[in-house]
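Let's take a friendly walk through a protein chain together. Have a look at the picture first, and then read on.

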Amino acid sequence: MSSMTHDSQKPAPPQGVQWNEHDWQDLLKRLPSDWEAQAVQLKAWQRLRKLASVADLLRALLVYAACGYSFRQLGLWATLVGVGCLSERAWRKRVERAQEWIRWVLGALIGSQQSPEWLPQRSGRILLVDGSRLKTPAGSGEDVKVHSAYELGAGRLAEVRVADRHSGEGLHHFALRPGDVVVTDAGYQLGASVQQGQAQGAFGVHRISNHQVRLEREDGQKIDLKRLIKHQKYGTVTQYQVWVWDPTHTQRFAIRLVIALLPRKQAMQARARKQERIRHKKGSKANLAPAWWALSPRHIFIMHLTNRRKEKRKIQG
């Protein structure tokens, strides 16, 4: 029987994660100048023990996040590449302690890091909040939700929260400060947003849709939002004092309704585009009634900036 005269086994794939040193240095240059000081301040780096530098810790955290390693696999990788010889339990503690620093680094990398020129100076923050749905490998398509708050004045992410698919959008995901102004889209329940914002001393600007919320006059009568818009001139802005209930219908809040309509020509163009999208999606016999609201796209919103100011109008019966 003949035998092989050479090694026929395929070489094992290299262990660990290979990186380009030039790319790694470029990444470090993108970070703010105080990124290592922030690691100490946020207690991600407390003492020198089996890790030579903060950069090595950051490198390990990126590998852990990008490769989906367990803590045991992370320990094996770090030992093989010479980053540090830590146990599975030690890496778990390192990752847990680094959570606030990770959020800070993420916010520093995403954003302009500059305040827009048109934004007036103010003491509180202006936060643009939103929720996104993400898939996971072998998932159902809507497996986790990421709730983020972008600080407009600083040009960076202020907070990021990852929750399961059952968590709805709401301001309870964020640690708001007194004086903050929170801007949300129509996906946030209005009554809950007003309640949660005022409980933390924050103000809010909330976009709404007609079918999502019940707005009331002071005497408790429902407000016909479509009727208000029909009697408003194109290209104008009106404000009203209205009331809204919290989700449990136990608290009632006085807030400001602002309606800004497009000029007539732009409104007709927006309505035509909306009708075309509806026909394309649902067919030629689709109901085109929702296109009527295109005359004020993204311009019907609620503000509870202050409840003590005198409102310009009160809705009459």
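Helices (H or I, at least four residues) and strands (E, at least two) are DSSP runs, numbered from the N terminus. This is a predicted model, in which local features need pLDDT of at least 70 and side-chain atom pairs count only at pLDDT 80 or more, while totals for chains, interfaces and linings use all residues. Residues are numbered from 1 along each chain as its sequence is written, and side-chain values use heavy atoms, with hydrogens and water left out.

**The chain as a whole**

The chain holds nine helices and eight strands. Of its 317 residues, 38% are buried. Here buried means under 20% relative accessible area, exposed means over 50%, and partly exposed lies in between (1.4 Å probe, protein chains only). Contact means heavy atoms within 4.5 Å. Among contacts between residues at least 6 apart in sequence, 60% join residues at least 24 apart.

**A loop residue to find**

Try locating E117, which sits in the loop between α6 (99–109) and β1 (126–134). Is E117 buried or exposed? With 84% relative accessibility, E117 counts as exposed. Its C-alpha atom is 9.6 Å from that of G153, although the two residues are 36 apart along the chain.

**Two helices and their spans**

The expected span of a helix is 1.5 Å times one less than its number of residues. The 14 residues of α3 should span 20 Å, and the end C-alpha atoms are 20 Å apart, which agrees. Many names appear on the buried list of α3, including V54, L57, L58, L61 and V63, and also the charged residues D56 and R59. What covers these buried residues? Among the covering elements are α1 (21–30), α2, α4, α5 and α6.

Helix α9 (residues 264–282) has 19 residues and reaches 27 Å from its first C-alpha to its last, close to the 27 Å expected. In α9, the residues A267, A270, R271 and I278 are buried. Seen down the axis of α9, the buried residues fall within an arc of 100°, so they line one face of the helix; the arc is that of the directions from the helix axis to the C-beta atoms. The face turned away from the buried side of α9 carries the exposed residues K265 and H280.

**Where two helices cross**

The axes of α4 (residues 71–81) and α5 (residues 88–97) come within 8 Å and cross at roughly 100°. Axes are lines fitted to C-alpha atoms, for helices over the stretch in contact, and angles run from 0 to 180 degrees between N-to-C directions. The two helices are therefore roughly perpendicular to each other (65 to 115 degrees; under 35 counts as roughly parallel, over 145 as roughly antiparallel and the rest as oblique). At this contact, F71, R72, L74, G75 and A78 in α4 meet E88, W91, R92 and V95 in α5. By class, there are five nonpolar, one polar and three charged residues. Ala, Val, Leu, Ile, Met, Phe, Trp, Tyr, Cys and Pro count as nonpolar, Asp, Glu, Lys and Arg as charged, and the others, Gly among them, as polar.

**Positive phi values**

The table gathers some residues with a positive phi.

| Residue | Phi | Place |
|---|---|---|
| K43 | near 65° | loop between α2 (35–41) and α3 (54–67) |
| H249 | near 60° | loop between β6 (237–245) and β7 (252–260) |
| G68 | about 70° | just after α3 |
| G283 | near 100° | follows α9 |

K43 is also exposed, with a relative accessible area of 54%.
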